[in-house]
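Thanks for coming. I will go through one structure this morning, starting with the ligand and then moving to the sheets and two loop residues.

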Amino acid sequence: MSTAADLDMRVPSGTTLLNGWGRTAPSAAHVVAPASAGEVAAVLSGAGKAGGAVPRGLGRSYGDAAQCAGGVVISSGRLDRVLGWDPDSGTLRAGAGASLDALMRQFVPRGWFVPVTPGTRHVSLGGAVAADIHGKNHHGDGSFGRYVQSLTLVSPTGAHRLSPGDDDAGSYWATVGGMGMTGLVTDVSLRLIAIETAYMRVDTERADNLDEVMSRMTDSDADFRYSVAWIDCLAKGARLGRGVLTGAEHAQLADLPARLRGQPHAFAPRQRLDVPFTAPGGLLNPLTVAAFNELWFRKAPRRRQGEILSLAAFFHPLDGVGSWNRLYGRRGFLQYQFVVPHAGSEVVRRALEALGAAGVPSFLAVLKRFGPRDPAPLSFPIEGWTLALDIPVGARRLGAVLDDVDEMVAAAGGRVYLAKDARLRPELLPVMYPELDHWRARCRVLDPEGIMTSDLGRRLGWLEANPA
Ligand SMILES: Cc1cc2nc3c(=O)[nH]c(=O)nc-3n(C[C@H](O)[C@H](O)[C@H](O)COP(=O)(O)OP(=O)(O)OC[C@H]3O[C@@H](n4cnc5c(N)ncnc54)[C@H](O)[C@@H]3O)c2cc1C
């Protein structure tokens, strides 16, 4: 894989080198930042001749989803204003470039929180829609698209106001999870949830192996709105899949210690550290990861109940360290995330065994249960188990091991998350996403000339049949 540094000398003038959060496959494109739906339409009208176009939010997808080599990348950065707020219904209307971070800073102090948050606040509303993002509450609350009341999409055929309540909601659901291929979302109306405090009440417990982790998570599904398990993916044998489970609820005022009750909605998270440069060989390797995992497991309490944590400490601990992706070195890293239906839960064990046997280290391995899916054809979450792993590029046999895991996942009726993908083999895409043709047909209605395209889409050939 080329790195940003390798490519610096080859970037054509007037273009910008862009990569995803994993920093694995940079490519150069013309970047434009329109300030209105009209300007987006004008960009799209010229984009066919310019090599196609893709929307881009805050570039937090891990792979190449928000890149368009040789074409146009349309940044939503200037579409970031709050456009309306109805405190009675808790409905917010904002530009698609607004980040969840900015929205939380405005609305948490007023007692409102986003219904779904990923592991970072630094994603845009448009990126949240386009990846139909999920959080630690998917098992009960579902994914992002469920909370959007309406959105404006500017596709190559013009502006469309779309809603899940439309008689024909096909264009709405093709846009949710559609990875920017139906056009650019310019604004979103979103239902927020009311919170009594800006804190979480968290229970933590250690489990000694995968069976224990999975059975405790299954048993406590209904007990917690938010739940997740960190897995030590280097533990082997009887300790395979040992982990630390956390379950949490939004804290009530009465849960807070007296010193926090005076300002129960205080929310001003700060970045405590910044990684100023890329560690040449990467600081995260099998040795450091094994040491970290051992320490992390032992540091966790066997059982602790009712710990009070800030929203940022519970949901976004990584946001406390700026540019932490540089720790993986010049070659970058992959985030590999799959989901399998409950009937295929054995794949979680087999994947951990395969990765462990190959000595593939993962600094962050996270296991979660998903609830029922959205009607969006390309949305990632389906009911079952999802495992997400951060893996440094360069680990021996990495490609072959992940190819094997892909096969297991596909055979079990599961899929990998496209917002994190950097390497899936194209032939597995229709197996993992059986409604691909249906989605593609809707894309053709909104974009008959095949103007919307991305490095991810070209790599997977998902719109190949388009006439562009
Ligand atoms: C540390 C970290 C933790 C994460 N945790 C989670 C998690 O828990 N759950 C989860 O679901 N995801 C998670 N993610 C992934 C992230 O939520 C998604 O990749 C999200 O799409 C990123 O939003 P963005 O604004 O950065 O979008 P980008 O990365 O810029 O773009 C992502 C996709 O959205 C499209 N897009 C962006 N803006 C628009 C728009 N206005 N209109 C139409 N399409 C658009 C792009 O074309 C692209 O296909 C995590 C990422 C990181 C870095």
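Before the ligand, one term: a residue counts as near a molecule if one of its heavy atoms lies within 4 Å of it. Keep in mind that this is a predicted model.

So, how many residues surround the ligand? There are 33, and the closest are Pro55, Gly57, Arg60, Ser61 and Ser124. Sorted by class, this shell holds 19 nonpolar, 11 polar and 3 charged residues.

Now the polar contacts. The side chain of Ser61 has an N or O atom 2.6 Å from an oxygen atom of the ligand. Ser124 also uses its side chain: a polar atom there lies 2.6 Å from an oxygen atom of the ligand. With Gly127 the contact comes from the backbone, where an N or O atom is 2.9 Å from a ligand oxygen. How much of the ligand does the protein cover? On its own the ligand has 960 Å² of accessible area, and the protein covers 96% of that. Three elements each give two or more residues to the shell: strand 3, residues 53–56; helix 4, residues 125–130; and strand 10, residues 184–191.

Next, the sheets. A general point for the first-years: strands of a sheet pair through backbone hydrogen bonds, either parallel or antiparallel.

One sheet is open and has 5 strands, in the order 5-6-10-8-9, with antiparallel pairing. Strand 10 from the ligand shell is in that order. Which strands are at the edges? They are strand 5, residues 82–86, and strand 9, residues 158–162, and each pairs on one side only. On average, neighbouring strands here are turned by 10 degrees against each other, ignoring direction. Look at strand 8, residues 148–155: 5 bridges pair it with strand 9 in the antiparallel sense. Within these strands, Val154 stands opposite Ala159 of strand 9. Helix 3, residues 100–107, packs on this sheet and touches strand 5 and strand 6, residues 91–95. The direction of helix 3 makes about 40 degrees with that of strand 5.

There is also an open sheet of 4 strands, in the order 1-2-4-3, and its pairing is mixed. Strand 1, residues 16–18, and strand 3 have a single partner strand each, so one side of each has no neighbour in the sheet. Neighbouring strands of this sheet are turned by 50 degrees against each other on average, again ignoring direction. For a parallel pair, take strand 2, residues 27–32, and strand 4, residues 72–75, which are joined by 3 bridges. Val31 has Val73 in strand 4 as its bridge partner. Helix 2, residues 37–47, packs on the sheet and touches strand 2, strand 3 and strand 4. Its direction makes about 170 degrees with that of strand 4.

Last, two backbone angles. Most residues other than glycine have a negative phi. Arg23 is not a glycine, yet its phi is positive, at about 60 degrees. Where does Arg23 sit? It is in the loop between strand 1 and strand 2. Met179, also not a glycine, has a positive phi of about 50 degrees. Met179 belongs to the loop between helix 6, residues 170–175, and strand 10.

That is my part; questions are welcome.

Note on methods: Residues numbered from 1 in each chain as written. Predicted model: local features only at pLDDT ≥ 70, side-chain atom pairs only at ≥ 80, totals over all residues. Heavy atoms only, no water. Polar contact = N/O pair within 3.5 Å; in protein donor to acceptor, adjacent residues only side chain to side chain. Areas by Shrake-Rupley, 256 points an atom, 1.4 Å probe, with all protein chains shown as cover. Nonpolar A, V, L, I, M, F, W, Y, C, P; charged D, E, K, R; others polar. Pairing = 2+ DSSP bridges. Axes fitted to C-alpha atoms, helices over the stretch in contact; angles between N-to-C directions. Contact = heavy atoms within 4.5 Å.
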